[in-house]
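Here are a few notes to read alongside the structure. Keep the 3D view open and go point by point.

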Amino acid sequence: ITNGSHAANRAGPTILLLHGLLDSSTTFLLNGREGSLGFLLAADGFDVWLGNSRGNRYSLSHDTLSPSHLAFWDWSWDELARYDLPAMVDCVAKLSNSSSIALAAHSQGTMQTFAAMTLPGFAESTARKLSSFAALAPVAFLGGMRSVLLRALADARADEIVGLFDRRAFLPSTEFLRWALPAACLADEEACESVACMVSGCRPGGPEPEHVNLTRWPIYTAHYPSGTSVRNMLHLAQGVRSPGRFARFDFGSPARNRRRYNASEPPPYPLDAAARLPILLLSGTLDALADPGDVARLHAELARGGAEVEWRALTGWDHLDFVWAGRLAPALAALVRDHARAHA
């Protein structure tokens, strides 16, 4: 974000923003200059970069594959952690000529970052380019998760889901919600029309009106959902079924897992061995996807390994408030800004 008078005031760190599940980089811009995290950080002098995860509407290019190929969609957040996050950080470092980049991520963006921080070589490569990490609505463990859609996917048979979506893109529609959640759709047609609420757990029709301007709801839902892969959704569903594990993708049988991992079960991501990086956890007490109990477990695992981690639970915030609540954006920007500057 380099336009307007903000560019002349830029004296702060370089920062990379990563979006959440089924979202895109636009989520940090949808409330304009006064109510969007991206614009507010730019106004504070930050050099703001926005990432897009593979498979969303802005990230459908490939050197050799097209979205019509099955191989294009053969990935989950494992690959977002192993390949995409390091590639984004390297790109920002090169183009900004910065060797010290702050990272702020929402939801799935935090999950891929926490996983990446445990991988061999991350501390010696990517982490050296990062100065701090602000995790907004942080997700790793999913035991307390109350997302209706993810719970339905966890309870469904994987072969039904793969057959329905042909193992390619996952872009949930009203028709999908009626298939996956017939009882909910029968009871409340308005809820069935809101993919965002079925994923994130807000009330039917949108988040709480004291936080989010509901007259802008059509703008948000014009950009959401933005797409992901079926395998990514199945990986998240595995986390729901195995609430005590933060682990790699399960290929469905000991034999297949052994071929991939040389082990009958997918190995866990050892959070107590995560790369050393100053971490700020910002969670909401009403978050149905990043459940407070799960965030407490995440904090404990990171702290057990000696991580420099600070946790703030924001009273009354839910999952979407971190990106769509324009009234709360200045307070959020201040928290992210202060943490980034303290460790620049």
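1. Which residue in β3 does L16 stand opposite? Find L16 and look across: the partner is L103. Bear in mind that this is a predicted model.

2. That pair belongs to two strands, β1 (residues 14-18) and β3 (residues 101-106), which run parallel and are joined over five bridges.

3. Now zoom out to the whole sheet. Six strands make it up, in the order β2-β1-β3-β4-β7-β8, with parallel pairing, and the sheet is open. At the edges sit β2 (47-50) and β8 (309-314), each with pairing on one side only. Going from one strand to the next, the twist averages 15°.

4. Next, look for helix α14 (residues 292-304), which packs on the sheet and touches β7 (279-284) and β8. Its direction makes about 170° with that of β8. The helix has 13 residues and spans 18 Å from first C-alpha to last, close to the 18 Å expected at 1.5 Å a residue.

5. Which residues of α14 are buried? They are D294, V295, L298, E301 and L302. Seen down the helix axis, the buried residues of α14 fall within an arc of 120°, so they line one face. The spacing rule helps here: an α-helix has 3.6 residues a turn, so residues three or four places apart point the same way. As for neighbours, the buried residues of α14 pack against α4 (108-117), β7 and β8.

6. Finally, check both ends of α14. At the start, a side-chain oxygen of D291 comes to within 2.9 Å of the backbone nitrogen of G293. After the helix comes G306, with a positive phi near 90°.

Terms used: Residues are numbered from 1 along each chain as its sequence is written. This is a predicted model: local features need pLDDT of at least 70, side-chain atom pairs count only at pLDDT 80 or more; totals for chains, interfaces and linings use all residues. Side-chain values use heavy atoms; hydrogens and water are left out. Two strands pair if DSSP finds at least two bridges between them. Helices (H or I, at least four residues) and strands (E, at least two) are DSSP runs, numbered from the N terminus. Axes are lines fitted to C-alpha atoms, for helices over the stretch in contact, and angles run from 0 to 180 degrees between N-to-C directions. Contact means heavy atoms within 4.5 Å. The expected span of a helix is 1.5 Å times one less than its number of residues. Buried means under 20% relative accessible area, exposed over 50%, partly exposed in between (1.4 Å probe, protein chains only). The arc is that of the directions from the helix axis to the C-beta atoms. A polar contact is a pair of N or O atoms within 3.5 Å; within protein, one must be able to donate a hydrogen and the other to accept it, and residues adjacent in sequence count only if both atoms are side-chain atoms.
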